[in-house]
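Let's take a walk through this model together, one region at a time. Keep the viewer open and follow along as we go.

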Amino acid sequence: MNYQKVYGITGPVSTAGPTAAENKLNDELIQELKKESSFESEQEASNRIKVLKILQELAHEFVYRVSKKKNMSDGMAKDAGGKIFTFGSYRLGVHGPGSDIDTLVVVPKHVMREDFFTVLDEILRSRPELEEIAPVPDAFVPIIKIKFSGISIDLICAKLDLAQIPQSLTLSDKNLLRNLDEKDLRALNGTRVTDEILELVPKPIVFRIALRAIKLWANRRAIYANVFGFPGGVAWAMLVARICQLYPNATSAVILNRFFKILSEWKWPQPVVLKPIEDGPLQVRVWNPKIYAQDRSHRMPVITPAYPSMCATHNITESTKKVILQELENGISVTNDIFSNKKTWSDLFSKHNFFYKYKFYLTVMASTRGTDEENLKWSGMVESKVRLLVLKLEALPGIKLAHPFIKPFEAAFAYSDETECKEILDNYGSFKTEEQLSKYKRITEENGQEAKDEKKCYITTMYIGLDVNVEEKKEKIDIHVPCNEFFNLCRNFNEEYQNPDVYSLIIKYVKQYDLPSEVYEPGETRPVKKKSKRRKQDKSAEFSKKAKSEAPSGTSQGSSIAEATQA
Ligand SMILES: Nc1ncnc2c1ncn2[C@@H]1O[C@H](COP(=O)(O)OP(=O)(O)OP(=O)(O)O)[C@@H](O)[C@H]1O
Ligand SMILES: [Mg+2]
Ligand SMILES: [Mg+2]
């Protein structure tokens with residue numbers, strides 16, 4: 001009798017092993033992933049191992065130095081330990097050549113977070129392997145970003161309520177979470193979740209190949225981005241893990257087909273969980289739609305397995321849900337065709353058609369006249385709020401779908417005075433006016449250094465595709481209110497952002513054929529303006545051509561989408 005372990009909260013759907021044909025398709029999948037550069041070389045892999053070994057020694061040195069500073073004896077300081085753990089794509093074994101290593105440094109209770117940013121920082125800076133270092137102590141999860149021996153590393157730190165951190169320590173015991181502050185809990189969460197996911201899949205190798213494929217697919221189809229309301233890396237990993245639990249003996253190729261089928265038929269908002277949600281020793285919130293209204297609002301909940309369980313997909317909106325479901329449906333049809341030899345794996349990884357799909361787009365431009373750092377902060381903040389604009393837009397009666405694109409586009413221009421800057425901002429973001437920008441110097445990575453003393457205008461552009469209801473002819477759509485609310489939300493994020501001389505925010509409405517060239521890759525053909533026979537019918541969905549400036553919503557005419565609502 002076969003006493004196979006049951007993974008997950010239900011038994012498997014099928015325990016069938018692979019057929020010869022499935023094995024062949026699986027080999028082809030691996031070949032395709034190789035072609036897509038999903039895997040790194042052996043040399044890169046061994047370099048990562050070497051670097052991690054050094055980082056472990058540095059973590060030990062770090063704890064030792066802090067312990068000595070606290071007047072511990074040499075023996076005690078050595079025994080205080082210190083251990084590194086990884087999380088993210090490297091830990092899951094699905095990283096690509098350019099991936100970072102997400103690394104957690106676990107320290108004993110007498111080591112403070114300040115020490116991480118002073119003592120460890122100093123140790124790192126003394127190393128010849130260090131190429132770049134950027135500490136961000138005030139981040140939600142305080143972090144030191146480094147480049148070390150050519151590898152990007154995100155270093156975070158967690159302090160446990162223990163006097164010593166031995167090499168044998170694992171983080172699975174939830175009692176380790178007692179007496180920790182929120183920042184330490186957050187830092188530990190990444191490793192605890194990835195470790196659990198790996199424990200909860202029947203065959204890690206099958207899981208990894210399937211997850212590599214899903215990550216590539218989701219990126220190509222533009223549905224991989226937690227900030228914009230799509231699943232992020234951890235959520236995709238858990239979704240794949242659940243399918244692996246349901247088909248414990250299947251190949252990765254079969255997992256992919258079942259992934260699309262099961263998740264498109266899923267009875268959302270029923271949550272995807274990898275094990276029963278646990279209660280625990282802390283006064284912290286655990287995902288529970290029976291208690292919390294907020295949790296009931298999650299549209300496609302995917303719940304992390306490690307205590308305290310959280311929803312990794314709380315950002316999904318009604319629109320992004322529809323987009324995800326469409327892509328899952330599409331995934332069924334493509335993989336069915338692959339299984340009947342009508343298509344190949346490369347068809348599954350074909351590029352999205354976002355910039356050909358909608359008739360109307362909103363161009364959200366966050367711009368900064370200031371330093372690189374000011375630009376990064378402002379554009380990052382605006383980026384993180386775009387999802388809220390999507391929520392407001394999709395709630396409007398005439399809008400069927402507000403679909404955010406997953407990658408912002410970056411541009412920077414040199415300018416000399418206000419008039420020039422205004423001209424740049426007025427003309428950027430649409431095809432018909434982009435020619436006017438040719439007289440301005442575009443700042444690139446190559447010329448960035450030589451242009452460092454020039455005044456620069458940075459522009460980060462995010463796109464939202466709009467599917468509007470053209471049938472309701474009389475119904476006009478007014479996006480002033482959501483746009484104004486969005487402006488206020490961003491402006492009021494902190495006092496500094498209220499300065500219009502440094503920070504500006506512009507929303508333009510553009511038609512598909514007028515999208516700027518930057519959104520199309522070389523070799524892609526631009527859409528052209530069609531002479532539509534249905535012109536009359538479409539008219540109802542046309543919006544006023546008049547530019548509107550950011551104004552109190554009371555003065556908005558309430559009749560149309562502003563072509564340019566400008567802050
Ligand atoms: N802005 C953030 N806020 C909170 N946690 C984050 C943030 N960015 C990353 N993380 C955490 O770090 C983990 C790893 O993130 P990372 O961006 O390195 O992606 P990844 O899945 O490792 O993929 P890649 O191969 O691109 O590195 C995430 O799964 C998440 O737990
Ligand atoms: Mg990573
Ligand atoms: Mg990272």
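A good place to begin is Pro269, which sits in the loop between α9 (252–265) and α10. Keep in mind throughout that this is a predicted model. The peptide bond leading from Trp268 into Pro269 is cis, with omega near 5°. Most peptide bonds are trans, which makes this a spot to look at in your viewer.

Moving along the chain, you come to the loop between α10 and α11, where Pro308 is found. Here a cis peptide bond joins Tyr307 and Pro308, and its omega is about -5°. The loop between α10 (293–296) and α11 also holds Cys311. Where does Cys311 stand, buried or exposed? With 9% relative accessibility, Cys311 counts as buried, since the cut-off for that word is under 20%. Cys311 and Pro301 are 10 residues apart along the chain, and their C-alpha atoms are separated by 5.9 Å.

Next comes helix α11 itself, which spans residues 318–339 and has 22 residues. From its first C-alpha to its last it reaches 32 Å, close to the 32 Å expected at 1.5 Å a residue. At its N-terminal end, Thr317 acts as a cap: a side-chain oxygen of Thr317 lies 3.2 Å from the backbone nitrogen of Ser319. Just after the helix, Asn341 takes a positive phi of about 60°.

Asn341 has company in that respect. Most residues other than glycine have a negative phi, so it helps to pick out the exceptions. Asn71 is not a glycine, yet its phi is positive, at about 65°. You will find Asn71 in the loop between α2 (42–69) and α3 (74–79), and it is exposed, with a relative accessible area of 72%. Ser149, another residue other than glycine, has a positive phi near 50°. Ser149 lies in the loop between β4 (143–148) and β5 (151–159). With a relative accessible area of 27%, Ser149 is partly exposed.

While cysteines are in mind, how many disulfides does a search of the whole structure find? The count is zero. A disulfide is a covalent bond between the sulfur atoms of two cysteines, so the distance between sulfurs is what to check. Take Cys490 as a case: its sulfur is 11 Å from the closest cysteine sulfur, in Cys483, and that is too far for a bond. The cut-off used here is a pair of sulfur atoms within 2.5 Å. Cys490 is also buried, at 0% relative accessibility.

Now turn to the metals. Which residues coordinate the magnesium ion (ligand 3)? They are Asp100, Asp102 and Asp154, each through an OD atom, at 2.1 to 2.3 Å. Along the sequence these donor residues follow the spacing D-x1-D-x51-D. The magnesium ion (ligand 2) is coordinated by Asp100 (OD) and Asp102 (OD), at 2.0 to 2.2 Å. The magnesium ions, ligand 2 and ligand 3, are 3.5 Å apart, and Asp100 coordinates both. Asp102 is buried, with a relative accessible area of 11%. If you plan to read coordination numbers from these sites, note that water is not among the atoms, so the sites may look incomplete.

The last stop is ligand 1. Surrounding ligand 1 are Phe87, Gly88, Ser89, Ser99, Asp100, Asp102, Lys215 and Val234. Asp100 and Asp102 therefore appear both here and among the donors of the magnesium ion (ligand 3). Several polar side chains approach the ligand's oxygen atoms. In Ser89, a polar side-chain atom lies 2.6 Å from an oxygen atom of ligand 1. Ser99 has an N or O atom in its side chain 2.6 Å from an oxygen atom of ligand 1. For Asp100, the distance from a side-chain N or O atom to an oxygen atom of ligand 1 is 2.7 Å. Taken alone, ligand 1 exposes 610 Å², and the protein buries 48% of that.

Note on methods
Residues are numbered from 1 along each chain as its sequence is written. Chains are lettered from A and ligands numbered from 1 in the order in which they are written. This is a predicted model: local features need pLDDT of at least 70, side-chain atom pairs count only at pLDDT 80 or more; totals for chains, interfaces and linings use all residues. Side-chain values use heavy atoms; hydrogens and water are left out. Donors are N, O and S atoms within 2.8 Å of the metal (3.2 Å for Na, K and Ca); water is not among the atoms, so sites may look incomplete. Buried means under 20% relative accessible area, exposed over 50%, partly exposed in between (1.4 Å probe, protein chains only). Helices (H or I, at least four residues) and strands (E, at least two) are DSSP runs, numbered from the N terminus. The expected span of a helix is 1.5 Å times one less than its number of residues. A polar contact is a pair of N or O atoms within 3.5 Å; within protein, one must be able to donate a hydrogen and the other to accept it, and residues adjacent in sequence count only if both atoms are side-chain atoms. A residue is near a molecule or strand if one of its heavy atoms lies within 4 Å of it. Accessible areas come from the Shrake-Rupley method with a 1.4 Å probe; for residues, only the protein chains shown count as cover.
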